[in-house]
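Here's a quick briefing to read alongside the model. Have the viewer open as you go.

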Amino acid sequence: KSAGRSRYAVFGKEMDTMLQARRGIEQDLRAALQADDQLQVHYQPIYSAAGRKITGAEALLRWRHPEKGWIAPDIFIPIAEEAGLIERLGERVLREACTRAMAWPITVAVNVSAIELRNPAYAKRVAKLFFSLGMDARRLELEMTESALTDNSGQCEENVKALREMGIRIAIDDFGTGFSSLSRLQRLDVDRIKIDRSFVKGFGTGNGDEAIVQAIVELARATALKTTAEGVETDAQATCLEEMGCDNLQGYLLSPPRPASEIDDLLGINPSS
Ligand code: C2E
Ligand code: CA
Ligand code: CA
Ligand code: CA
């Protein structure tokens with residue numbers, strides 16, 4: 001019994017430390033939103049599977065903490081969501097990504113949080129931003145996860161509908177990790193599915209991931225959805241995906257996320273001209 005109690009005490013202490021660390025990050029994130037050199041948007045190029053031409057880039061948020069160094073979005077995005085900071089962060093990324101999209105001849109993709117999508121004002125806010133920038137909505141793709149789309153209020157679907165009416169393209173992120181059916185995606189009228197990198201990782205291990213991806217690609221094609229494979233790290237994976245008929249590839253094999261200036265170089269754009 002006493003051992004059980006002390007285990008609990010240790011657990012309680014760890015919880016405490018964890019909560020404290022979380023609160024620290026939350027506070028620092030508020031400060032980062034005020035500063036302008038801590039938060040940066042990097043872009044990971046996306047290529048056509050056939051021909052390997054750059055067709056797009058995904059905006060990925062980066063935070064350089066003044067003392068702790070780089071903090072990964074997998075850590076700070078969930079904290080931002082809980083702390084009510086995600087909408088400000090999201091707006092920042094979207095604005096930055098739009099200004100890049102206006103200078104680049106490729107589609108720019110931006111991740112949208114479930115919290116943002118549940119806000120009834122989201123689509124209107126995006127429309128307002130586009131109007132103020134003079135941005136062509138067809139140049140932007142918004143990525144959202146299956147779980148972000150499964151809210152009971154129907155608010156997410158309303159937003160998706162309004163965004164699509166503006167001409168924005170919608171991609172389902174991390175596809176295969178949630179529970180949505182392709183028929184639901186068709187009803188939502190999305191444009192693209194991004195096949196989660198866990199499937200690509202399983203290629204060649206004999207656990208059937210190739211068959212799953214092949215089935216996803218074929219069903220997507222039958223319903224006129226585009227497919228992007230995430231996390232492509234090897235030539236063998238890329239070749240296999242291309243043969244399967246996957247439309248686009250993204251991953252370290254082709255390029256890691258890079259600062260915007262490097263995308264300029266990649267595209268042969270001289271921003272000062
Ligand atoms: P995600 O949307 O699935 O983004 C892809 C992640 O995979 C990125 O991690 C990217 O750097 C990483 N990645 C790319 N190629 C490879 C590869 O070949 N192998 C492996 N193992 N990983 C690869 P990152 O940048 O750390 O972002 C993590 C997640 O944080 C994103 O996952 C996204 O869910 C979220 N996130 C990032 N930026 C934003 C943002 O501006 N807003 C929101 N709401 N979420 C964001
Ligand atoms: Ca994404
Ligand atoms: Ca993803
Ligand atoms: Ca992810």
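What follows covers the calcium sites, the salt bridges and the nonpolar core.

This is a predicted model, so treat the distances below as computed values. Two calcium ions, ligand 2 and ligand 3, lie 3.9 Å apart and are bridged by Asp173. Beyond that, there are 14 salt bridges to look at, plus a largest nonpolar core of 74 residues.

**Calcium ion, ligand 2**

- On the protein side, ligand 2 picks up Glu58 (OE), Asn111 (OD1), Glu143 (OE) and Asp173 (OD), with donor distances of 2.2 to 2.3 Å.
- Read along the chain, those donors follow the pattern E-x52-N-x31-E-x29-D.
- Asn111 sits in strand β4 (residues 107–111) and Asp173 in strand β6 (residues 169–175), so this pair ties together parts that are 62 residues apart in sequence.
- The donors aren't equally covered: Asn111 is partly exposed at 31% relative accessible area, Asp173 is buried at 8%, and Glu143 is buried at 1%.

**Calcium ion, ligand 3**

- Ligand 3 is held by Asp173 (OD), Asp174 (OD) and two entries for Glu230 (OE), at 2.1 to 2.7 Å.
- The donor residues here are spaced D-D-x55-E in sequence.
- Asp173 is the bridge over to ligand 2.
- Sequence neighbours can differ in burial: Asp173 has a relative accessible area of 8% and is buried, while Asp174 comes out partly exposed at 26%.

**The buried salt bridge by the metal donors**

- Lys194 pairs with Glu143 through a salt bridge, 2.7 Å from N to O.
- Lys194 belongs to strand β7 (residues 192–195) and Glu143 to strand β5 (residues 140–145), so the contact links parts that are 51 residues apart in sequence.
- Both partners are buried: Lys194 has 1% relative accessibility, and Glu143 has 1% as well.
- Shared partners join Glu58, Glu143 and Lys194 into one salt-bridge network. Glu58 and Glu143 turn up again as donors to ligand 2.

**Salt bridges involving helix α1**

- Glu26 and Arg30 form a salt bridge at 3.1 Å, N to O.
- These two are four residues apart in helix α1 (residues 2–34), so about one helical turn separates them.
- Glu26 is partly exposed at 24% relative accessibility, and Arg30 is partly exposed at 36%.
- Asp28 reaches Lys68 in another salt bridge, this one at 3.9 Å, N to O.
- Asp28 is in helix α1 and Lys68 is in the loop between β2 (54–65) and β3 (69–71), so the pair connects parts that are 40 residues apart in sequence.
- For this pair, Asp28 is partly exposed at 23% relative accessibility, whereas Lys68 is exposed at 53%.

**Nonpolar core**

- Within the largest core of 74 residues, Tyr43, Leu142 and Leu241 have the most contacts.
- Helix α3 (residues 86–103) supplies the largest share of that core, at seven residues.
- Which residues does Leu142 touch, leaving aside its neighbours within four places in sequence? The contacts are Leu94, Val110, Val112, Tyr122, Leu163, Ile168, Arg169, Ile170 and Ala171.

How values were computed:
Residues numbered from 1 in each chain as written. Chains lettered and ligands numbered in written order. Predicted model: local features only at pLDDT ≥ 70, side-chain atom pairs only at ≥ 80, totals over all residues. Heavy atoms only, no water. Core = buried A, V, L, I, M, F, W, Y, C linked by side-chain atoms within 4.5 Å. Buried < 20%, exposed > 50% of the residue type's maximum accessible area, 1.4 Å probe, protein only. Contact = heavy atoms within 4.5 Å. Donors = N, O, S within 2.8 Å, 3.2 Å for Na, K, Ca; no water. Salt bridge = Lys/Arg side-chain N within 4 Å of Asp/Glu carboxyl O.
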